[in-house]
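Please bring up the model and its sequence. A short round of questions and answers goes with them.

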Amino acid sequence: MSNMKKSLSGILCLVIVVSLFTYLGLSMGADNMLNTVMKTAHDLLLNTVFYLMAICVLTGAVGKLFVEFGVVDLLEKILRPLMRPLFNLPGVASLGAVMTFLSDNPAIITLSRDKRFSSYFKKYQFISLTNFGTAFGMGLIVIIYMIGNGFLAEPLIGLFGAFCGCIVSTRLMQHFVLKAYPQYAEESANDSPCGQDTLVPGMVRNEAEEKKSLFLRILNALLDGGRSGVDIGIAIIPGVLIISTFVMVLTFGADANGHYTGAAYQGTELLPWLASKIDFLFRWLFGFTDPHQIAFPITALGAVGAALSLVPNFIQQGWVDGNAIAVFTAIGMCWSGYLSTHTAMLDSLGYRELTSKAILSHTIGGICAAIVAHWVYVLYTLV
């Protein structure tokens, strides 16, 4: 039976791949298609990936510096009062938001493995950390990238939208978990007791570290943080080159004369054509003014780094406005590639069977984030 399933899955995979390349080859010409795919991927590597990696290195260095000198500790204390009323999470969860905002989604898993940290949570709250942490993943990188492309207020509006989407996603996930497992409302995520709610996991430095000179502490923090930024930059390469290349081939069209030449960033415009069929929905929900804009949230499902790589070309083509940037920031931060990370994150926590509930909750949360960003931007333009 297992051999038959493998054969069927192999046949299905082969049919999908052959169908895709046949469609692209017939539309663009086989040689033009191959040249476009390779040149697009090459240009993305040189002009987008390395730019994103530079941002990751700089933000990683700043983030580590914040950790070293207690800024993260300070932010955690400031945000702590918001956790219970907004997210129904203990105060220490704010540390997870800060750390994922400064780095990426998996930072919340690093914290959750600390028994002192997890001891503050009931099981249903602990499981919802997957949704909570993902909504802020790569947040600083997304915002700085948008600012680097000439927008300021719009990314901040998007940040507020992502915050609202996180509330929806986290609360929904808790509801689904309690509905499936009511006993998790009382069961502790960790049986080992802990002291007061003042934990800052990973922030405790030993006396030898404290005695280091100020210069060495700054230097080590910057270099260690920059190194972690390189790791993130390398990790986003597959998503950008694979996902973005094919999304762009399905989003962009031929050259100005309507001909395919094998140049980078040409394509069949399939996604805009499909989006135009329900354009009224995206216009009402997100305020999208061009069907090409739907490519960003579709790409953000798999990798936010790949989605960001679409922005420069969208700007160059005149397909985006301030509203689109606000919505892109909100949905990019909130989703931040959750389809590719939720399974691994829940598996790491030991609750793989709840993956579908986490994905459904986060899908709804991301849509809510985009809607909030759109309408807040509308209010912003009226002020």
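The turns below cover confidence, a pocket and a helix pair. This is a predicted model: local features need pLDDT of at least 70, side-chain atom pairs count only at pLDDT 80 or more, and totals for chains, interfaces and linings use all residues. Residues are numbered from 1 along each chain as its sequence is written, and side-chain values use heavy atoms, with hydrogens and water left out.

Student: Which element of the protein chain has the lowest mean pLDDT?
Tutor: pLDDT is the predictor's confidence in each residue, from 0 to 100. The chain mean is 83, and 91% of residues reach 70 or more. Among the elements (DSSP runs numbered from the N terminus: helices H or I, at least four residues; strands E, at least two), α10 has the highest mean, 95, and the lowest, 52, belongs to helix α11 (residues 207-210).

Student: Which helix gives the most to the lining of the second largest pocket?
Tutor: A pocket is an open set of points on a 1 Å grid over the protein atoms alone, where a 1.4 Å probe fits, with protein on both sides within 12 Å along at least five of seven lines; lining residues have an atom within 4 Å of a point. α3 (71-87), α4 (93-102) and α10 (153-180) each supply at least two lining residues. With 5 residues, the top contributor is α3.

Student: At what angle do α4 and helix α9 pack?
Tutor: Axes are lines fitted to C-alpha atoms over the stretch in contact (heavy atoms within 4.5 Å), and angles run from 0 to 180 degrees between N-to-C directions. The axes of α4 and α9 (residues 139-148) lie 5 Å apart. Their angle is about 45°.
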